[in-house]
Every structure is written in structure tokens, then in C-alpha cells.
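Biologist: I would like to learn how to read this structure. Where should we begin?
Modeller: With the core, then the cysteines, then the sheet.

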Amino acid sequence: MTTSPPRPPRSRGPRIGLLGSYGGYNIGDEAILQCVLGCLRSHRPRARLIVFSRDAEHTRAHQPAADEVVDWEGVPQKQVTDVLAGLDLLVLGGGGILYDGEARRYLKLVRAAQVRGVRTFAYAVGAGPLRESDDREAVRTVLADMDEVVVRDQESRLVLEEVGVERDLVVTADPALLLPPEPFTAEMMRQEGVPANARLVGMSVREPGRAAEKLDEGDYHALLADVADFLVRRLDAHVVFMPMERHDVRHAHAVLSRMTAPDRGRILHSAYTPGQVLGLMSHLDLVVGMRLHFLIFAAVSGLPVLPLPYAGKVFDFARRLGAPALVGVAREQVGLLLAEVDRLWDEFPQRRVDLTARVRELRELASETCARCGALLDAMDRDAQGRGGSDDLNRGPAGGEDSDRTDRRHTGAGGMDPLEPGGMGREGAGPADPAGPLAGPGAPGPHGLRLLGAGPGDGTVPSHGAGQEA
């Protein structure tokens, strides 16, 4: 296990762990981590913030607010549990991490913290799809013992309720809505070959997912190339393809190669921080795309947004934003898609005020998650004071357990350690039912194109498609 070099200790501050999809080179995940670190630092300036990462070197290089970074994959379990045992609080999330094949892996660490008396908080997590019995059982048992569970969207609450989670679930919004922008300078634009003083449209593409599940990959790329060419002609624009993780680059190149005006397209190739990608939005006039955090950055920047949803989280965000959202696109429907782009551009001046109000509300909800985590830390302080401790979680020797920790242990099935074989337990649990679809697609929109509208009661949220990100 690799940990970051020691820093001067923050006297008497709590030790807080953060566990999520970090170190995976996804700009959305890194934006979430930066915001959660900022929240915790604002509530406890002297805290020691410890990030559990898939790639400690990457996290260490890109998240200077972290005091310590710990690898948790491919290392001896005892090294991980020793770090967990020394925590006062483990924060799970945010982001979309509770889904098939991954939920059980994250929750195994959460359970290991719980049995060692560590408080646990789910920070605006996303959930779904959850159809595999092991993941469903882990979600039911571990979330039941968390101090608080906050989810980032209504779809996630519906997924968890369907799985059988019987506890209060608070719905807020994605933490990255609070990301501060950083400058994307004229020199950066020049180095990327993006023209100055030109109308610019941002595009985000990834593997198709549910956005175009009936298309093969070649037809999918050709469809998006048609959209890009239309934007060039209709708006006299240049198209800037913005990869949000490494695999997006291949799809961006495939779309660009099928454009009839490839000279009007540019793919960003340099590595940028989440704040710089957010700063780039100030240069754009409109965005069309798939990645959730690309759309979040655009909305925060006040841009007209056309989501191409590949998963339920994007449908949910589009609906909360009041933006049109395509439920499914076939190759022969390209004209209908272009009509939606055209309408978005024409109607945006009238919709700007509404968008601003909706984004403000979402940012307030994102702030609520931070406030709730702060309230838990305050409650932990009061508990420590009641035991005669300090007002800032004054701990004994690192990694030790006081009597209160021992009293608060969650024992799980048979008292087994969840990081030992069989340790997640199946206490009283029978086979889980497979998760069915949450809902059907929205009602047909103009021209028969299936859309999700902006108002309440205008369709339900489909479940996630294949593939995940923040």
C-alpha cells in the first residue's frame, strides 16, 4: 500500500476517510472528490482527510486538499483495515457507485469500518442498476447501519427502495454543482487549436449506452456526426469535443472522422483539472452531450443544454433542469434530433431565467449534503464531550479504539469481519428478487420523438444503462 508523505499533524482534528470512484481518471469523479474535500475542510479545518483511491499516485498528484491517500485495491486487507480502524468517520461517495458488480466492493469497506466502531455517512451517492443478489443484499444490510444516507437524485432513491432499503433516504443533488471554476486561458485555447472570437459548441460523446441502444457503433458515430455538421451549418459554429475520461477520445475521433466538415471540429487532447473544464464553458455558446458532469458544468455556466441520456442519472438531471431529453434515437430519426437542437437554440433566450432558477435550487440542494455531513460531525463532537473528551474529537493513539467505539460496533452476520471470506453475511436473507425496470419511457413529444419534459408528472426515470461514471 502506498500512502502520501506525512504532513504536519492537525492538532486534535478528526480523521475522516473518503471512499468513492477516485483515481480513475474521470473528470466527473475528480470534481466530486474536490467538492467533498472542500466541504469537510470547511467544517473541520484541522481534520486529517484520508482518501481511499484506485490509483493513489493519481489522486495524490491531483487532489492537494487530501492529507493522505491510500490504495485499497490489490493490497493486503490488513493494511486497509488498519487505516479504517483509525478513522472517526468514513464518507462514502459521492457519485454513482452503488451498482451491479461494484456496490458490494465499496460496501465491504463500509461494513469493515462499521464493525470497528467508525461512523459512516453516504454523501449524495447514485444507485442503480442493482439486479445482482449479492449487491442488493450488501446495499440492504450496510445502508441500514449508516448514520445517514443521502442520494443525489430521485432515481437513486427509487432504486434503493425497490431493493428493500427501509430507512430515511434524503435526496439532494450532485456535489459537483458546487465546483469553483478555474481559468481556461486564451493560450490554452490556442494550443488546442480552438479559434478565438468564433461561435463554439461543446460536445461530449462516450459509448452509446441507452442513448442509442438500437444502433451499432458505426451508425451511432454517424448520427452524432450529423448533429455536429448541423451545428456547424446552422450556427456557423466550431465544435469542441470534450473528453471527460480517456475512453471518450476514441469516440470523439470516430465522430469527427464522419463529419462532412471535420475542419470545423477540435478534440481537446491535453489533461485539464475539473475546474479548468468548467472554466472552458465560459467560451461556449451551446452544448450537446452525454456525460453527466459535462452537462452539469454547462448548466452551472448558464448554457443551453441538450442531453443525450445513456443512463437514468442523466434523465433525472435533464428533468430537474427542465431540458429536453431524448429517450431513444434511431438512425432514421436524425431529422427529429436536429429539430430538437434547433428548437433549443431558438427558445433559449426565453428559458434562461428558468434555467438560472433551477440551477440555483440544485446548488442549494448540493449544499444541503455538506451541511448534513457537518451536522453529523457536530453530533460526534457532542458525544465526545459527553464522555469527557475534547470539543474536536480528541482521540487517543492512532488506530486505537476507545470504549465508546467498542460499544458501537456493528457486528454483521455472526460477528464476522466483512473483509474476511464470507464476511458480508447473509443474516436472515433469502434470494433477492431480480430488479425489474423502474419505469417505462416518457410520453411521445413533438413529431413522435420520445422526450422527457420539464414539469412534474411528465414521465418517470428509466434505470441505468450499461456503463457507469460518477
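Modeller: This is a predicted model. In soluble globular proteins, nonpolar side chains tend to be buried together. Here the largest nonpolar core has 102 residues, and Phe-241 and Phe-297 touch the most other members.

Biologist: Which helix gives the most to this core?

Modeller: Helix α13, residues 334-386, with 15 residues.

Biologist: What does Phe-297 touch?

Modeller: Leaving aside residues up to four places away in sequence, its contacts include Ile-27, Ala-31, Met-244, Pro-274 and Met-281. There is also a second, separate core of 39 residues, with Leu-84, Leu-92, Leu-109 and Ala-127 among them.

Biologist: Now the cysteines. How many disulfides are there?

Modeller: The test is a pair of cysteine sulfur atoms within 2.5 Å. The count is one. Cys-39 is joined to Cys-370, with an S to S distance of 2.2 Å. The torsion about their S-S bond is about 100°, so this disulfide is right-handed.

Biologist: Which parts does the pair tie together?

Modeller: Cys-39 sits in helix α1 (residues 27-43) and Cys-370 in α13, so the bond links parts 331 residues apart in sequence. Cys-39 and Cys-370 are both buried.

Biologist: Why is Cys-373 not bonded to Cys-39?

Modeller: Because the sulfur of Cys-373 is 5.4 Å from that of Cys-39, its closest cysteine sulfur, which is too far for a bond. Cys-373 is buried, at 0% relative accessible area. Cys-35 is in no disulfide either; its nearest cysteine sulfur, in Cys-39, is 9.5 Å away. Cys-35 is buried too, at 13%.

Biologist: On to the sheet. In what order do the strands run, and is the pairing parallel or antiparallel?

Modeller: Strands of a sheet pair through backbone hydrogen bonds, either parallel or antiparallel. In this open sheet of five strands the order is β10-β9-β8-β11-β12, and the pairing is parallel.

Biologist: Which strands stand at the edges?

Modeller: β10 (265-267) and β12 (305-307). Each has a single partner strand, so one side of each lacks a neighbour in the sheet. On average, neighbouring strands are turned by 20° against each other, direction ignored.

Biologist: How many bridges join β8 to β11?

Modeller: Four, between residues 199-204 of β8 and 286-289 of β11. Ser-204 stands opposite Gly-289 in β11.

Biologist: Which helices should I look for against the sheet?

Modeller: Helix α9 (residues 248-258) lies across β9 and β10, at about 165° to β10. α13 packs on the sheet as well, touching β8, β11 and β12, and its direction makes about 155° with that of β12.

Notes:
Residues are numbered from 1 along each chain as its sequence is written. This is a predicted model: local features need pLDDT of at least 70, side-chain atom pairs count only at pLDDT 80 or more; totals for chains, interfaces and linings use all residues. Side-chain values use heavy atoms; hydrogens and water are left out. A nonpolar core is a set of buried Ala, Val, Leu, Ile, Met, Phe, Trp, Tyr and Cys residues joined through side-chain atoms within 4.5 Å. Buried means under 20% relative accessible area, exposed over 50%, partly exposed in between (1.4 Å probe, protein chains only). Helices (H or I, at least four residues) and strands (E, at least two) are DSSP runs, numbered from the N terminus. Contact means heavy atoms within 4.5 Å. Two strands pair if DSSP finds at least two bridges between them. Axes are lines fitted to C-alpha atoms, for helices over the stretch in contact, and angles run from 0 to 180 degrees between N-to-C directions.
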